[in-house]
Amino acid sequence: RLLLDNAADVVYHTQNGIVQWISPSVTDVLGWAPEDLIGKSSRDKWHPDDRDAAFALRDDAYDGKIGVGVFRFRSVDGHYVWIEITLKPYKDATGDVGAVGSMRDVSARIEAEEALVASEQAYRLLAEMEGDHAHRLEELDEERSRLFQNISHEFRTPLSVIHGPLQSVINSPRVDLSAVDRGELEATL
């Protein structure tokens, strides 16, 4: 009794879906006084999304199976606490079936796991964005190269057309050029 009354985990006994006994540590974990829960069903205390799974775990224990589950249980102030439950079948002296279980607050663990998943998703998204960014930079580099090739071609063609006649003028013995004019034509070439 000393261990049960002072354990950090909540220890309890249910029979026919009704809490028969629960340790005082329920006050520390969930805020409820033991007398708030003893003699009652816990049906309305389970998060609606977890209720069926929690009762399936209880029913499995009533059928003789040991089980473990993580569910949300409503605290006295109305917020939900993630708890890990371990249930073990129990038969009393008259043969009535029930379950003995323990509850432990695992909210910090669940929050850490959720934070890790969120962090991994953010990292994956960042990696995908970086890959997309690198791919886009490669595409832009290819587009830039094509643009410069086109521009270069567009300039070379008219320059080739101009180059020949300028060369002819500079080299022609019939054209009398001053040194300044010759220098400018050579610079142009």
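Let's start on a helix, with a pair of charged residues: E143 and R136 come together through their side chains in a salt bridge, with N and O 3.7 Å apart. Both partners have some access to the outside. E143 is partly exposed at a relative accessible area of 37%, and R136 is also partly exposed, at 39%. Keep in mind as you look around that this is a predicted model.

A second pair involves D141 and R144, whose side chains form a salt bridge with an N to O distance of 2.4 Å. What separates D141 and R144 along helix α5? They are three residues apart in that helix, which covers residues 107-171, and this puts about one helical turn between them. D141 is partly exposed, with a relative accessible area of 38%, and R144 is partly exposed as well, at 43%. In general, side chains of opposite charge can pair when their charged atoms come close.

Now move to another charged pair. K45 makes a salt bridge with D44, and their closest N and O atoms are 3.3 Å apart. Here the two partners differ in cover: K45 is buried, with a relative accessible area of 8%, while D44 is partly exposed at 42%. This pair also belongs to something wider, since a network of salt bridges links D44, K45 and R74. Across the whole structure there are 10 salt bridges.

Next, find strand β1, residues 10-15. Is this strand mostly covered or mostly open? It is mostly covered, with six of its six residues buried. You can follow the side chains in two sets: V10, Y12 and T14 point one way from β1, and V11, H13 and Q15 point the other way, all of them buried.

Strand β1 has partners to look at too. With strand β5 (residues 97-105) it pairs in the antiparallel sense, over six bridges. To place yourself in that pairing, pick out H13, whose bridge partner in β5 is V100. Strand β2 (residues 18-22) also runs antiparallel to β1, and four bridges join the two. In that pairing, Q15 has I18 of β2 as its bridge partner.

Between β1 and β2 sits a residue worth a closer look. N16 lies in the loop that connects these two strands, and the hairpin they form has two residues between the strands. Which sign does the phi of N16 take? It is positive, near 55 degrees, in a residue other than glycine. For background, most residues other than glycine have a negative phi. N16 is also exposed, with a relative accessible area of 65%, whereas the residues of β1 are buried.

From the hairpin, turn to the interior. The largest nonpolar core contains 23 residues, and those with the most contacts inside it are I22, L30, W46, I83, I85 and M103. Several elements supply two or more residues to this core: β1, β2, α2 (25-30), α4 (51-62), β3 (67-74), β4 (80-91) and β5. Helix α4 gives the largest share, five residues. In soluble globular proteins, nonpolar side chains tend to be buried together.

L30 is a handy place to explore the surroundings of this core. Setting aside residues up to four places away in sequence, L30 touches F73, S75, V76, V81, I83 and M103. One of these neighbours, S75, lies in the loop between β3 and β4. Is S75 buried or exposed? It is buried, with a relative accessible area of 2%. Leaving out neighbours within four places in sequence, S75 is in contact with L30, W32 and V81.

Helix α4 also carries D59, which is partly exposed with a relative accessible area of 33%. D59 and D96 are 37 residues apart in sequence, and their C-alpha atoms are 14 Å apart in space.

Finally, go back to helix α5, where L159 is found. L159 belongs to a nonpolar patch on the surface, together with L147, F148, I151, F155 and I162. The residues of this patch have about 600 Å² of accessible area together.

Definitions and conventions:
Residues numbered from 1 in each chain as written. Predicted model: local features only at pLDDT ≥ 70, side-chain atom pairs only at ≥ 80, totals over all residues. Heavy atoms only, no water. Salt bridge = Lys/Arg side-chain N within 4 Å of Asp/Glu carboxyl O. Buried < 20%, exposed > 50% of the residue type's maximum accessible area, 1.4 Å probe, protein only. Pairing = 2+ DSSP bridges. Core = buried A, V, L, I, M, F, W, Y, C linked by side-chain atoms within 4.5 Å. Contact = heavy atoms within 4.5 Å. Patch = residues over 30% accessible without salt bridge, like charges linked within 9 Å, V, L, I, M, F, W, Y side chains within 5 Å. Areas by Shrake-Rupley, 256 points an atom, 1.4 Å probe, with all protein chains shown as cover.
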